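Take a walk through this structure, one kind of contact at a time. Keep the sequence and the coordinates at hand.

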Amino acid sequence: MAAPGPIAALVDEVGDALGRTLREVARELDAELPPAYAQDLGPEIRRQHLAAIVGARATGVAPNVTLRSADGNTWTIIRPDDRPGLLSELLAELPDDLPLHTARVYTARSGHLAIDVFGFGAPARPAADDPAFLAKRAEILDHAAEVAPDLPPEVVDRYLHRCAAVFVDNLSPRRLVRFARMVAQVEGTDDVAVDAWLRQEEGRFATVTLVAGGSTPRRLFERAAWILGLHGLSVRRAYLDPLAGGAAPVALCTFVVTGTDDDMPTPGGPGWQPVERDLLRVRWLDERCLVRARATPWLGLPTAEVLVALLDLVHVRLARRDPFAFSRQRLAQLADAALELAAGVAEDLLRGTTTGREAALQARPHEDVRAVLGELVAAVEAVQRSNLDRTARYGLALALDPAWLLGPEHTQVPFAVLYGHGDGYRGFHVRFRPIARGGLRVVAPRTADQHALETERHFDEVYGLAFAQELKNKDIPEGGAKGVLLVEPGASVDGALHALTDGLLDLALATPGDLLFLGPDENVTPAHIEWIVARAVQRGYPQPLALMSSKPGAGINHKRYGVTSEGVAVFLDAGLRALGHPADAPFRVVLTGGPDGDVAGNTIRILRRDHGSRVRFVGIADGSGSALDPDGLDIDELMRLVDAELPIVAFDPARLGPQGSVASLDDPGGLARRNGLHAQLEAEVLVPAGGRPRTVHEGNWRDLLDAAGRPRVPLVVEGANLFLTPGARTALSAAGVLLFKDSSANKCGVICSSYEIAAALLLDEPTILRVKDRLVDEVLDRLRSLARLEADVLLDEHRRCPDVPLPDLSVRLSRTILWATDTIARAVIALDPDAYALLEDLVRAHLPPVLVELAGADLLERLPPAYVEQTIACAAATRLVYREGLAYVEGLSEPDLARLAVDYLRADREVAQLADRLDAQDDPAAAEAARILRQGGARAAVTLRHRTP
């Protein structure tokens, strides 16, 4: 046998040393690691850990390794020590593209070793027929019946079947029942529940459990780990369990923690409150707040959150001065240059006080820093109320001084301005009256550049939409309102909408009698509508069904019934007649907005219903691209897209004419063609039924004219809000375009919403469902009638004053009705009972007959008093203006108008009775006299009564 070589001769010596090291490490691990380490992990993975630690110890270095299983589904990270924040650092090292389903943290008692085991993929769930699981399940249900009799057994059982099998195997019935209760608490919500208790058997350790509805497990786990580290708590063990199945995701994680040098706040005690406060917000904090608090721990999460929200708020005002000098990124830098002062201003809001920091602010040498700090102080002073006192809030919500954000271009101070801010979003809600209605829209730019542009015009867009809504809402008791939620690229639209809505509910619930009326707008889905109503029920909001319109079930869904487009079609028909277009002649339409959209899709359907083959859609543009055909796009193919809710790029090219084409945004020149399609084609009608505000503005309105300066399209019916700027409307009107403004053309959507909410105030849901078909038919008849009344008044006035642009007449009409409504409303309060009773009939006349019939004699008692008074005033004002015209009502003084409201109604009733008697004579002349009486008899009767002898 050959003598061993120089290396082989060392084998026994090294083997003995490794053996000693192995035994020492094994003894240390048995003594130092918690029992859960051996209970949770199988022998194979523990063998890998032991080998890695021994290998490091044998070479004289501290263990600092990352191990991966052969299938890549298990990662172990071993570090030589534990400290606050270590777990969140390790989580950042994990791959983002793998779904994390378990995380287990095991820390040596000495704190000199941390073993973190992460599992990816789908964990095994309990097998329903496994005898071991069935036995454990029976034990758990028995324990639940003993300690939690109010917790239904099916709730506990549902929780067990959603758990990972290893979770059920290794945890005690006591713990599992505790977790089942927490899951039941948040299930079906986006809430967070926190439970913490001292582990007396282990000394100064505490167990902290978080359960969050609607959250991804990894996000919850990472953020919770970081927050615990922020508060100086070291994680000694941690478990993550994403619950499978269910209608919505629920994540559960548990941490065993201790304080530095055993200095740990006691759960339930005063020192624990800041920890619990931050954990309850874990799901909802904006990432920029976490970044700020990480960089500057003394700031704390509440101050960081308020500071970030205030900086986004003052951006509205400062960007008007200089959008480049005061971009959002630079605002953050300028605040950092005087962070102690900026943080102090944020803390003033948290405390609900202002401490007069102006002198300190003005001492800052940099002019831009002073500007930012001064605006932050002004912002805090502008806050009228907030939801900062609600620990479990989803986001920050502030009610602001309505005049504070206004610029010179804003001509009217709103009644209320609400601001919401949170994780990946900010939102404004503006309303012009105490009772006001308007849609909530979501704007979700795809790129950072688009988002930056939207932030600069965000408030102005909300104000403009709410003001347009105020003009549009002349036919209903509610004034104008609008909400716009701006979501950052990559952020969750659902989460942002939930958070903003919940913040609005916070403010409304804190002010008894304050009623919000919302409706769907761009990017708000039926699922969002259902969530908003369900959340209002959960939060105890009074009359939750009245909060949101277009609900499935008892609501009148705008898209399904085409309520906005019914009005658009009426104005389009009236416009063609006014232009002298022959009733039996074909006409061409250019449409912005796709067949899958609400207004555009229903406009296609309704125009086909009303005009058959006479309507020819020669061009359609939407978010996917565009299609054009000078001979008219095949109407059957368009209806296929409408029925299937498909965008215009899904148009079958085989159905195109010889000059037709379809182009997506990704095709060469597709974006430019889509954006300019409305100005490229000749047609009789342009219907903007989709697209961003200010698409046609002072700089490009001439694109709608041909080379000779003649309109390519002589009739424009604005189905989309603010598609044209005021200046563009005026210029196009001067060029000969007959243009129906948005506040007239698309008013029927909000009128329908008002009727839907009136139904929710008067009837319960089962009753509404029973009569819904009749209710919808009556509402649609009302919508078409109100659109026709306004179109006729506007065109009559335009014929009398052809030099006045039709959009200006539309604004005059709205302002006149609103002025009359306000004047009559002030007078209604002082009326004697007999006169008030006479006016109450206007409420019944305003509502669809089925609601009046079913509400019965106590109809007026079921409605809020302010709603009744506003309905009386609005109904009287619209009746006067639509019957008698603008000039007659504008010529009245306020005292005359207030008196006339009662006299006119009394005369109208008497004239109606006289006309009925004439109709009963079966004489054509009498019938014609009755028609004339109904048209102008009330005004004549009032004039005769007040004429001086």
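The paragraphs below go through salt bridges, aromatic pairs, a hairpin, backbone angles and cavities.

The model is predicted. Begin with charge. Side chains of opposite charge can pair when their charged atoms come close. Here the count comes to 71 salt bridges. One of them joins the side chains of aspartate 312 and arginine 288, with 2.6 Å from N to O. This pair links distant parts of the chain. Aspartate 312 sits in helix H12, residues 301–321, and arginine 288 in helix H11, residues 287–295. The two residues are 24 apart in sequence. How does burial look at each end? Aspartate 312 has a relative accessibility of 3%, so it counts as buried. Arginine 288 has 27%, so it counts as partly exposed.

Next, go to arginine 784. Its side chain meets that of glutamate 566 in a salt bridge of 3.2 Å, N to O. Again the pair links distant parts of the chain, 218 residues apart. Arginine 784 belongs to helix H29, residues 772–800, while glutamate 566 belongs to helix H21, residues 563–578. Arginine 784 also forms a salt bridge with aspartate 781, at 3.1 Å from N to O. This second bridge stays inside helix H29, where the two residues are three apart, about one turn of the helix. Accessibility can be read off for each of these residues. Glutamate 566 is buried, because its relative accessible area is 3%, under the 20% limit. Arginine 784, at 22%, counts as partly exposed because that value falls between 20% and 50%. Aspartate 781 is partly exposed too, with 47%.

Salt bridges can also be followed from residue to residue. Which residues are linked in a network of salt bridges? They are Asp191, Arg390, Asp502, Asp506, Arg535 and Arg539.

Now turn to the rings. A pair of aromatic rings is described by the distance of the centres and the angle of the planes. The count here is twelve aromatic pairs. In one of them, phenylalanine 221 and phenylalanine 255 are stacked, with 5.1 Å centre to centre and 20° between the planes. Phenylalanine 221 lies in helix H9, residues 217–230, and phenylalanine 255 in strand S8, residues 250–259, so the pair ties together parts that are 34 residues apart in sequence. Are these two phenylalanines, 221 and 255, buried or exposed? Both are buried.

Tyrosine 463 and phenylalanine 467 make another stacked pair, with 6.2 Å centre to centre and 10° between the planes. Both lie in helix H17, residues 448–472. They are four residues apart, about one turn of the helix. Tyrosine 463 has a relative accessibility of 5% and so counts as buried. Phenylalanine 467 is buried as well, with 13%. Both residues belong to one aromatic cluster, together with Tyr419, Phe428, Phe432 and Phe459.

Strand pairing comes next. Strand S1, residues 65–68, and strand S2, residues 74–79, run antiparallel and are joined by four bridges. Which residue in S2 is the bridge partner of leucine 67? The partner is threonine 76. S1 and S2 form a hairpin, with five residues between them. Glycine 72, in the turn, has a positive phi of about 80°.

That angle leads on to other backbone positions. Most residues other than glycine have a negative phi, and most peptide bonds are trans. Asparagine 523 has a positive phi, near 65°. It lies in the loop between strand S15 (517–520) and helix H19 (526–538). Serine 550 also has a positive phi, of about 65°, although it is not a glycine. Its place is in the loop between H19 and helix H20 (558–561). Serine 550 counts as buried because its relative accessibility is 2%.

Finish with empty space. Rolling a probe the size of a water molecule over the atoms shows where empty space is left. The structure holds eight cavities of 30 Å³ or more. The largest cavity has about 60 Å³ of space. Its lining includes Arg433, Lys474, Glu478, Leu818 and Gln870. Which elements give two or more residues to this lining? They are helix H30 (806–829) and helix H34 (865–884). By class, the lining has four nonpolar, four polar and three charged residues.

Terms used
Residues are numbered from 1 along each chain as its sequence is written. This is a predicted model: local features need pLDDT of at least 70, side-chain atom pairs count only at pLDDT 80 or more; totals for chains, interfaces and linings use all residues. Side-chain values use heavy atoms; hydrogens and water are left out. A salt bridge is a side-chain nitrogen of Lys or Arg within 4 Å of a carboxyl oxygen of Asp or Glu. Buried means under 20% relative accessible area, exposed over 50%, partly exposed in between (1.4 Å probe, protein chains only). On a 1 Å grid over the protein atoms alone, a cavity is a set of points where a 1.4 Å probe fits but cannot get out, and a pocket is an open set with protein on both sides within 12 Å along at least five of seven lines; lining residues have an atom within 4 Å of a point. Grid points are joined across faces, edges and corners, and a volume is the space filled by probe spheres set on the points. Ala, Val, Leu, Ile, Met, Phe, Trp, Tyr, Cys and Pro count as nonpolar, Asp, Glu, Lys and Arg as charged, and the others, Gly among them, as polar. Two strands pair if DSSP finds at least two bridges between them. Rings of Phe, Tyr and Trp (its six-membered ring) pair if their centres lie within 6.5 Å; planes under 30 degrees apart count as stacked, over 60 as edge-to-face and the rest as tilted.
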